[in-house]
Amino acid sequence: MTDAPTTSDGLLVFKPKPSLPPPPATTGVIGWMRFNLFDGIYSSVTTVIGVLLIGYIAMGFYEWAFVRAVWEASSRNECRLSPTEFGTCWAGVDFWFTRFIYGRYPDAEVWRIDLAALIFILWMAPLWLPRVTAKVVVGLSAVMVFPFLAGYLFLGGERNWFMEIMVALSLTWFLGTMLHVAVCLLLNQGLGRLTVRLSGFSSRDDRFHKYPVIVLALIAYFAVYFLIADWQMVEVVPNQWGGLFLTLVISGIGIASALPTGIVLALGRRSQMPVVRVLCVAFIELFRSVPLITILFMATTMFPLFLPKGLVFNNLASVIVAVCLFSAAYMAETVRGGLQAISKGQYEAAEAMGLSYWQSMGLIVMPQALKLMIPNIVGSFIGLFKDTTLVSIIGLYDLLGMINAISQDPQWIGLHHEPLFTAAVLYFIGCLAMSKYSQHLERKLGAGDRR
Amino acid sequence: MSLQTNGTPDSIRSAVSDEVVIALNQVNKWYGEFHALKDIDLSVHKGERIVICGPSGSGKSTLIRCLNRLEEHQRGDIVVNGVTLDTNLKNIDAIRSDVGMVFQSFNLFPHLTVLENCTLAPIWVKSKSKREAEEYAMELLTRVKIPEQVDKYPGQLSGGQQQRVAIARALVTRPLLILADEPTGALDTRTSLELMVLFQDLNRQGMTVVVVTHESDIARFAARLLRFRDGHLVEDLQQAPVDAAKLLAAEALPA
């Protein structure tokens, strides 16, 4: 400290050292590689082996998928005789691709499936738009209300009184949601608030604010109800459904119903009422200890024997009911696990406050438990999505069923690998999307909420 | 039973009225085979500040948990604000909004903000409008001296602040009395003392406060001291309480 800088009157002056860049080879790509890939002799050797292995597999795949690929052919034989020898016959996949997606759904009616998919996307999209309010209502209705509209689009034909009511409700709700989203994006306030303001009720007490909204909703509902009263589409029987479309229908209904029924069963299992508890435990344990395929066989072969004469349940309906029951039993245990993670103090605080059982469940326990359960819940959903391939065994042509069908088509006989690879890619995309969405949800709900 | 009021400053003497808020008559409670409360007779008047102390397992927590029916007593009568506690669910609901409860581990709802924690009961139990509930909650949060933290989540607050929120939350339903089960159990000495200042302030404004504790330090802040032992109420003592605010200033404990 001999030559430390001082002021004129002899005071020491603090002089910071300049910030230097970090030593080379500790940051950036080189640093990362040194630290992660070549950190010592063993690490280097395994890195080299690993890279060689990945390279070998990638090369093999590249040759199979691209080098030997035959894109245009009218039969499997043509692919075989191609100049590349035993060419990878993507032509067959291309030829059958529409069938993979829609099964045997009539070509002229395929637009109905596309339309339903588009409506679903539009219905869910607002969840990603930050300015939209009442996201919970939008999201729940997409799962609970949309199926009726979709069901009619898929099935067509005449509607009975129940479907008449529900389809109109579903359509009204969809239009209302779209209007709400538009209002949110343009005016930055919800449709409900806007209605209250336009009707001049905003000066009244909060209690009266719901009336103009209810009146508007009823008017819209009856308008839609009478407008679509004569609307009818060609019937497409479920036997013609198939492909990825059928997979999504079965697993979608299974997924949508699993959570609510699972919650009810889990609460029932923890109930103080012995009869409710015993019934729930019996249901859960029964369905969890029987393989899904057995339940599916029972649903399609044995269940009809118990039905009264004349009441015919089609195969698809029995399968969907079976899948729903099965997934509900699994979901119940997932939910119970989440409920156990909530401390007793939370229940007591809610109780001491005077909240009723359902209020404390809905406002306090479930929001916390469900957040903890997201990874497990999505895990079950992914499992369910893949498990629906089992329906191909009982004669429904889901995605896997259609894949098997192509190899029996005389023109493409014996074509297995390429369609199976395609199915794997489609399943992978579906599962990855769910997985990514769950991570997004976890991050979003976890914000600012530490214990 | 001794009654000492000498030397108690008027400011912290409880404004006790003759009105009985809680009356217990021969209350008995068993956990399975364990006899937790034995023939308890007690009456609490409006505006009293009571500390219940005793070793763990002596029945002191059980008693106040019976008062708002978190636990069920098997024999005897408990009358809270004129309503007898029995299996009638309507009575229980009425009592729960008359009795505010504060817990040792705070038990705030971690997924709700401080303000939402405090407006939950008014909105859902008392059917108040959101605006009304928020106004009153803000008033109380100001009274417990944390109005700046209202948009934070409980996990972002310190223990003392969380307990203050819990007290505000217990007060939002405008209860007749507040029950606190070991409210300082998870707090350090200084924070405990600050909390006692708050309880004394509330009491001065007319709130009946019942605090359960096993810390003898806390006991001296009460005007009435109940001692429990093996399920018996062994002592019921009127005493000259120490003014927590003065002590806090005098001790000048490190912040």
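## Salt bridges across the model

Counted over all chains, 20 salt bridges turn up in this predicted model. Side chains of opposite charge can pair when their charged atoms come close. A few of these pairs are worth a look in the viewer, beginning with those inside chain A.

In chain A, A:Glu333 pairs with A:Arg336, and their closest N and O atoms are 3.0 Å apart. Helix 14 (residues 315-340) of chain A holds both partners, which sit three residues apart, or about one turn of the helix. A:Glu333 has a relative accessible area of 15%, so the residue is buried. A:Arg336 reaches 22% relative accessibility and therefore counts as partly exposed. The pair also belongs to a wider arrangement: A:Arg269, A:Glu285, A:Arg288, A:Glu333 and A:Arg336 are linked in a network of salt bridges.

## A long-range pair in chain B

Which residue does B:Arg224 meet in a salt bridge? The partner is B:Glu48, with a distance of 2.9 Å from N to O. This pair links distant parts of the chain, as the two residues are 176 residues apart. B:Arg224 belongs to strand 9 (residues 224-229) of chain B, while B:Glu48 lies in the loop between strand 2 (34-45) and strand 3 (49-53) of chain B.

Are these two side chains buried or exposed? B:Arg224 has a relative accessible area of 7%, which makes this arginine buried. B:Glu48 is buried as well, at 5% relative accessibility.

## Where chain B meets chain A

Now for the contact between the chains. Chain B brings 24 residues to it and chain A brings 23 residues. About 2100 Å² of area is buried between chain B and chain A, and carbon and sulfur atoms give 59% of that. Seven residue pairs are in polar contact between the two chains, counting pairs with both residues at pLDDT 80 or more. On the side of chain B that touches chain A, the elements giving two or more residues are strand 6 (99-102) and helix 3 (114-124) of chain B. Helix 3 of chain B gives the most to that side, with four residues.

Two salt bridges are found across the interface of chain B and chain A. In a salt bridge between the chains, the side chain of B:Arg65 meets that of A:Glu348 at 2.5 Å, N to O. A:Glu348 also has a partner within chain A, since a salt bridge joins the side chains of A:Glu348 and A:Lys344 at 3.4 Å, N to O. A:Glu348 and A:Lys344 are four residues apart in helix 15 (residues 344-353) of chain A, about one turn of the helix. At 10% relative accessibility A:Glu348 is buried, whereas A:Lys344 is exposed, with a relative accessible area of 59%.

## Domains and nonpolar cores

Chain A is divided into domain 1 (1-61), domain 2 (106-235) and domain 3 (240-451). Taken over C-alpha atoms, the centres of domain 1 and domain 2 of chain A are separated by 57 Å.

The largest nonpolar core has 134 residues. Those with the most contacts inside this core are A:Tyr105, A:Phe154, A:Trp241, A:Ile250, A:Leu339, B:Leu24 and B:Ile52. Helix 16 (residues 357-387) of chain A gives the most to the core, with 14 residues. Domain 2 and domain 3 of chain A both give residues to this core, so the core lies between them. Leaving aside residues up to four places away in sequence, A:Leu339 touches A:Ala266, A:Leu267, A:Arg270, A:Tyr347, A:Val365, A:Met366 and A:Ala369. Another core lies apart from the largest one; it has 45 residues, among them B:Leu141, B:Ile167, B:Leu187 and B:Leu248.

## Two positive phi values in chain B

Most residues other than glycine have a negative phi. B:Asp39 is not a glycine, yet its phi is positive, about 45°. This residue is found in strand 2 of chain B, and B:Asp39 is partly exposed, with a relative accessible area of 44%.

Where is B:Asn81 found? B:Asn81 is in the loop between strand 4 (75-80) and strand 5 (83-84) of chain B. Its phi is near 50°, again a positive value in a residue other than glycine. B:Asn81 has a relative accessible area of 32%, so this asparagine is partly exposed.

Key: Residues numbered from 1 in each chain as written. Chains lettered and ligands numbered in written order. Predicted model: local features only at pLDDT ≥ 70, side-chain atom pairs only at ≥ 80, totals over all residues. Heavy atoms only, no water. Core = buried A, V, L, I, M, F, W, Y, C linked by side-chain atoms within 4.5 Å. Buried < 20%, exposed > 50% of the residue type's maximum accessible area, 1.4 Å probe, protein only. Domains from an automatic or database assignment. Contact = heavy atoms within 4.5 Å. Buried area = accessible area lost by both parts, 1.4 Å probe. Salt bridge = Lys/Arg side-chain N within 4 Å of Asp/Glu carboxyl O. Polar contact = N/O pair within 3.5 Å; in protein donor to acceptor, adjacent residues only side chain to side chain.
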